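Dear colleague,

I am passing on to you the structure that follows, together with an account of what was found in it. Please read the notes with the coordinates open beside them.

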Amino acid sequence: ERTMGLPEPRAWVVLVVGIFLGRLSVSVTHPTTCLSPSWSPIAAGDARIYYKPNESMPGLPQPPTKPGEGFKFEDARGSYERVEYPGGEYVNLVYTRAGHKRSGDIHKCAQVNTVVVGEALLTQVMKDGGETHTKLRGGDHVVVPPHVPHLYEFTKDTLMTESWTHREPDADRAQCEFEAWFHKKLRARIDARSTVRDG
């Protein structure tokens, strides 16, 4: 008769392998969830999308800034503010009112968002044209892989952070400068009147 105690070595091996495979499967099937610093090339979108005029078109540039300076603009959706630091580091603070949408675009670098408070639905278009939908709430952290069209629909007043980073396996994960292309199908879901900037 065995007494209760530590599991046998075989049980430890099964447990460790199970945890590893579980984390790997989640990062591959749900690429928006950042569970570990590993980069999954399976999650990346199709880099050829920028050369498909029926799918994408150049987006709007961010206003030019000097090192250490940022910018802020407002529209019917809320406010968008870039905070810059002397070394060139930056973070965008994005406040959006419930019922509005943002993004509808594509980036060559990974987009990193943290929902500070609020709630949103993130739509992504995969390589096969299918869409995935992920509900995000306060405290959730997501990484939208490069070349993946995405759209945020805000179901509650929401504050989130935003930046872009190099995510290639050999990159140092330095921040990228903002560069975007509109995804025609997703961008069409945003009411153009809501994007007219105040002032």
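**The segment after helix 2, and two backbone positions**

A188 is placed in the segment that follows helix 2 (184-187). Please keep in mind throughout that this is a predicted model. The relative accessibility of A188 is 65%, and because the cut-off for an exposed residue is over 50%, A188 counts as exposed. Its C-alpha atom is separated by 7.9 Å from that of G104, although A188 and G104 are 84 residues apart along the chain.

Next to G104 in the numbering comes S103, which belongs to strand 5 and has a positive phi, near 80°, in a residue other than glycine. S103 has 10% relative accessibility, and since buried means under 20%, this residue counts as buried. A positive phi is also found at H147, about 70° in this case, and H147 is not a glycine either. H147 sits in the loop between strand 9 and strand 10, and its relative accessible area of 16% puts it among the buried residues.

**Overall layout**

The protein is built from 2 helices and 12 strands, and when it is read along the sequence the order is α-β-β-β-β-β-β-β-β-β-β-β-β-α. Of its 199 residues, 37% count as buried.

**Core and aromatic contacts**

In soluble globular proteins, nonpolar side chains tend to be buried together. Here the largest nonpolar core has 18 residues, and those that touch the most other members are Y80, L136, Y152 and W164. Two or more residues of this core come from each of strand 2 (71-75), strand 4 (90-96), strand 7 (119-125), strand 9 (141-144), strand 10 (150-154) and strand 11 (158-165).

The count of aromatic pairs comes to 6. One of them joins F71 and Y80 in a stacked arrangement, with 6.4 Å from centre to centre and 15° between the planes, and both of these residues are buried. Another stacked pair is made by Y152 and F154, for which the centre to centre distance is 6.0 Å and the angle between the planes is 20°; Y152 and F154 are likewise buried. F71 and Y80 also belong, together with F73, to one aromatic cluster.

Two rings have a charged residue over the face: R197 lies over F73, at 3.8 Å from the ring centre, while K108 lies over Y50, at 5.2 Å from the ring centre.

**Pockets**

Which residues are the closest to the centre of the largest pocket? Of the 22 that line this pocket, they are F73, R77, Y80, F178 and R187, so that F73 and Y80 of the aromatic cluster appear here again. The volume of the largest pocket is about 390 Å³, and its lining takes at least two residues from each of strand 2, strand 5 (101-106) and strand 11. By class, this lining divides into 11 nonpolar, 5 polar and 6 charged residues.

The second largest pocket holds about 200 Å³ of space. It is lined by 15 residues, of which I49, E55, V125, M126 and H183 are the closest to its centre, and its lining is made up of 4 nonpolar, 5 polar and 6 charged residues.

With kind regards

Note on methods: Residues numbered from 1 in each chain as written. Heavy atoms only, no water. Core = buried A, V, L, I, M, F, W, Y, C linked by side-chain atoms within 4.5 Å. Buried < 20%, exposed > 50% of the residue type's maximum accessible area, 1.4 Å probe, protein only. Helix = DSSP H or I, 4+ residues; strand = E, 2+ residues; numbered from the N terminus. Phe/Tyr/Trp six-rings, centres within 6.5 Å; stacked < 30°, edge-to-face > 60°. Lys NZ or Arg CZ within 6 Å of the ring centre and 35° of its normal. 1 Å grid on protein atoms, 1.4 Å probe; cavity = no way out; pocket = protein on both sides within 12 Å on 5 of 7 lines; lining within 4 Å. Points joined across faces, edges and corners; volume = space filled by probe spheres on them. Nonpolar A, V, L, I, M, F, W, Y, C, P; charged D, E, K, R; others polar.
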